[in-house]
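Here is a short set of exercises to work through with the model open beside you. Try each task before you read its solution.

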Amino acid sequence: MPHGEPLLAIRGLNVEFGLPARPVRAVADADLTLAPGEILGIAGESGSGKTTLCAAVMRTLPRTARVSGRVEFAGKELLSLPEREMARLRGRDLAMVLQNPMTSLDPLYTIGNQLEEVLRERRRGGGAGRLGSAVEVLRRVHLTAPELRLRQYPHQLSGGMRQRVLVGMATAAAPRLLIADEPTTALDASIQDEILILFRELRESAGTAVVIVTHDLSAIRRLSDRVVIMYAGRIVEEGPTVEVFRAPRHPYTQALLASLPRIEEEEVVLQPIPGQVPDLARLPPGCAFAARCPAAIPLCREERPRERTVGERHRVFCWRAGEGAA
Amino acid sequence: MSADAAPPMVEAIGLTKTFAIPAATLFGRARPVAAAVDVSFRIPRGRTFGLVGESGSGKSTVAKLLLKLEAPSAGRLLVEGQDIFAQTPAEELAYRRKVQAVFQDPYGALSPRMRADRIVTEPLRAHGMDRREAEARAPELLRLVGLPPDSARKYPHEFSGGQRQRLAIARALSVDPALLVLDEPVSALDVSVRAQVLTLLREMQQRLDLTYLFIGHDLAVVRYLSDTVGVMYFGRLVELGPARRVLRRPAHPYTRRLVALAAGDAPLGAVRLQGELPNPLAPPSGCLFRTRCPYADATCAARLPEMRLAEPDHLVACHHHEAVAAGAKAETGPMLQEA
């Protein structure tokens, strides 16, 4: 991947909820860059902050959230951008696909109605050479019988078809960045891969960078160039996908990969991570994973680990990572 | 009766469920849609039968029949030799204790206004035990599923997703059931938690001699728990056999694709199962999978394949499974034209 000007640069991003006296930090000190056309996977369990991080970039967080830090997208600082300009970016340069294809479409309007509305909106934004007709949009996402689909209502389409429609809508104007939050979670395995393939095609045909947020590690491994692992609101490891999956350096990443079912001598082996995800309102002073970590030393409970570079663009936040003991 | 002659815990014989789709016009005719057709399987006591297939394949319909939430249109469903749709009210009441369920969504399954001790003991009260006596059983049930004793006083929102699923399991176990219907019980959970809950389910089965109907779409998870696996496609069982064999050496082209997809180690796009389930109002002629099957030919369009033995205990419904397994059948591509 190119090392030139990043498309997206997140610096020191913090998102807090709750009373200022006892804040819950959903995202803490996040630093992240994304190159144009790059595919980045963000993995982590529920409550790890991955969805909040994306919502902060899209500026779709609830009003009660307190956000600080910088989010630079194509040279603009998004957090301080007037809402009108932000609205102009959304959908055209910055697009999002959500988890639930069942509720993201209006059941009272045909697919054609809804798609036309999106296209009208994008055309008004101007400078969208790729838009084309509604049928073309559906064809790009390989929906069968697109002319028929335009006349149908959402309930007449399967979950996979609906997700294709939503990906088509989100990417009609060839955005520079697509954020997909658990885009395949509600779908069957056979359909999941087809949706992931769409993202890759989008990068190839329109140079779109993709951030895919998911707990499906297999999807990240096969789709993304780089991967970020989050735990309790913090990035704990980031690196090239191949490297992180081959040789994870953070004990949490290691435990997460080990918890996937695998087959050893005819038996399916499962290795749960013991304990619970910590309460974000009562985080320990040191590393949030220390209580569940097999490699923890007293230092881990006292002081938050600093960033360590362990390879080319591969960094990890763990006191033990440098020792090869973890 | 000797142990061998005892009837299996569950036996489904030609189980069929059709729904009527209301007429599109005022004087039109209601059209039947088959959700499950001619489904037959057995589950011995203390064993797990795994059902896999895509959404819309009929897995949950089978679960609903076993829970008596639906009645079959044809066929029989026997539990310990007794037809559950020919029960006296007293037998039905006893049956409703014997079979319990755990569903996918641990958020929607628990009342937000009830404390954990009441949630896990509600089935006991529903079956006539008084509240005080029932709630006295709560600590034991919570301990059984690995929840700390102080959780008895908590409300569902104070628990994580995995803990909530433990509560749902404790509640199912409260009435001492023999049979659990597990419909995607770990699909909504994080991977690390998923492993915890699956380990718990396996442990409970061994300790309490439970029989499971386990519905899932994650093949590794299904294989972890199941002794026997049935693969459903479009309402029909297309393959049935020992879990290891079916999921390691699948015989049906559909199962072969599912297994290859689930292996997850092939590069993205190397294994594809294109297309969607056919329209239930206009099902294809012959084999239902032919519209997506890479090996489909004229025979497949002409005749519905019967279940045949591929190996001992291993049934498959495919005209060409021997040739496909031997690599002797050319990939001609699916027969997209329906009917």
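## Exercise 1: The build of chain A

Chain A has eleven helices and 14 strands. Please keep in mind that this is a predicted model.

**Task.** Work out how the radius of gyration of chain A relates to the globule rule, and what fraction of chain A is buried.

**Solution.**

Step 1. Start with the radius of gyration of chain A, which is 21 Å; the globule rule gives 20 Å for 326 residues, so chain A is as compact as a globular protein of that length.

Step 2. Next, take the outer dimensions: along the principal axes, the C-alpha atoms of chain A fill a box of roughly 65 × 55 × 40 Å.

Step 3. Now turn to burial. Of the 326 residues in chain A, 52% are buried.

Step 4. Finish with the contacts. Among those in chain A between residues at least 6 apart in sequence, 63% join residues at least 24 apart.

## Exercise 2: A helix in its surroundings

**Task.** Find out how many residues of helix H1 (residues 50-58) of chain A are buried.

**Solution.**

Step 1. Apply the cut-off for burial, which is under 20% relative accessible area.

Step 2. The residues of H1(A) that pass are Lys50(A), Thr52(A), Leu53(A), Cys54(A), Ala55(A), Ala56(A), Val57(A) and Met58(A).

Step 3. That makes eight of the nine residues, so H1(A) is largely enclosed by the rest of the structure.

Step 4. Look just past the helix too: H1(A) is followed by Arg59(A), which has a positive phi, near 55°.

## Exercise 3: Salt bridges within chain A

**Task.** A search of the whole structure finds 38 salt bridges over all chains. Describe where the partners of Arg66(A) and Glu238(A) lie.

**Solution.**

Step 1. Arg66(A) pairs with Glu16(A), and their closest N and O atoms are 3.3 Å apart. Arg66(A) belongs to strand S4 (residues 66-73) of chain A and Glu16(A) to strand S1 (residues 8-17) of chain A, so this salt bridge ties together parts that are 50 residues apart in sequence.

Step 2. Check how accessible the two ends are. Arg66(A) is partly exposed at 29% relative accessible area, while Glu16(A), at 19%, counts as buried.

Step 3. Glu238(A) forms a salt bridge with Arg226(A), with 2.0 Å between the closest N and O atoms. Here strand S10 (residues 234-240) of chain A holds Glu238(A), and strand S9 (residues 226-231) of chain A holds Arg226(A), twelve residues apart. Both Glu238(A) and Arg226(A) are buried.

Step 4. Widen the view around this second pair: Glu38(A), Arg226(A), Glu238(A), Glu307(A), Arg313(A) and Arg315(A) are linked in a network of salt bridges.

## Exercise 4: Where the chains meet

**Task.** Characterise the interface between chain B and chain A by its area, its salt bridges and the elements of chain B that take part.

**Solution.**

Step 1. Count the residues: 32 from chain B are in contact with 34 from chain A.

Step 2. Consider the area. About 3000 Å² is buried between the two chains, and carbon and sulfur atoms give 50% of this. On the side of chain B, Val191(B), Leu268(B) and Glu276(B) lose the most area to chain A, together 24% of what that side buries.

Step 3. Look for charged pairs; there are two salt bridges between chain B and chain A. Arg272(B) and Glu194(A) meet through their side chains at 2.6 Å, N to O. Glu267(A) and Arg244(B) meet at 2.5 Å, N to O, and this pair runs from strand S12 (residues 267-269) of chain A to helix H9 of chain B. Glu267(A) is partly exposed at 33% relative accessibility, and Arg244(B) is also partly exposed, at 39%.

Step 4. Add the polar contacts, of which there are eight residue pairs between chain B and chain A (both at pLDDT 80 or more). The elements of chain B that give two or more residues to this side are helix H7 (191-208), helix H8 (219-225) and helix H9 (243-248). H7(B) supplies the largest share, nine residues.

Step 5. Sort the side of chain B that touches chain A by class: eleven residues are nonpolar, ten polar and eleven charged.

Methods: Residues are numbered from 1 along each chain as its sequence is written. Chains are lettered from A and ligands numbered from 1 in the order in which they are written. This is a predicted model: local features need pLDDT of at least 70, side-chain atom pairs count only at pLDDT 80 or more; totals for chains, interfaces and linings use all residues. Side-chain values use heavy atoms; hydrogens and water are left out. Contact means heavy atoms within 4.5 Å. Buried area is the accessible area (1.4 Å probe) that two parts lose on being put together, summed over both. A salt bridge is a side-chain nitrogen of Lys or Arg within 4 Å of a carboxyl oxygen of Asp or Glu. A polar contact is a pair of N or O atoms within 3.5 Å; within protein, one must be able to donate a hydrogen and the other to accept it, and residues adjacent in sequence count only if both atoms are side-chain atoms. Helices (H or I, at least four residues) and strands (E, at least two) are DSSP runs, numbered from the N terminus. Ala, Val, Leu, Ile, Met, Phe, Trp, Tyr, Cys and Pro count as nonpolar, Asp, Glu, Lys and Arg as charged, and the others, Gly among them, as polar. The radius of gyration is taken over C-alpha atoms; the globule rule is 2.2 Å times the number of residues to the power 0.38. Buried means under 20% relative accessible area, exposed over 50%, partly exposed in between (1.4 Å probe, protein chains only).
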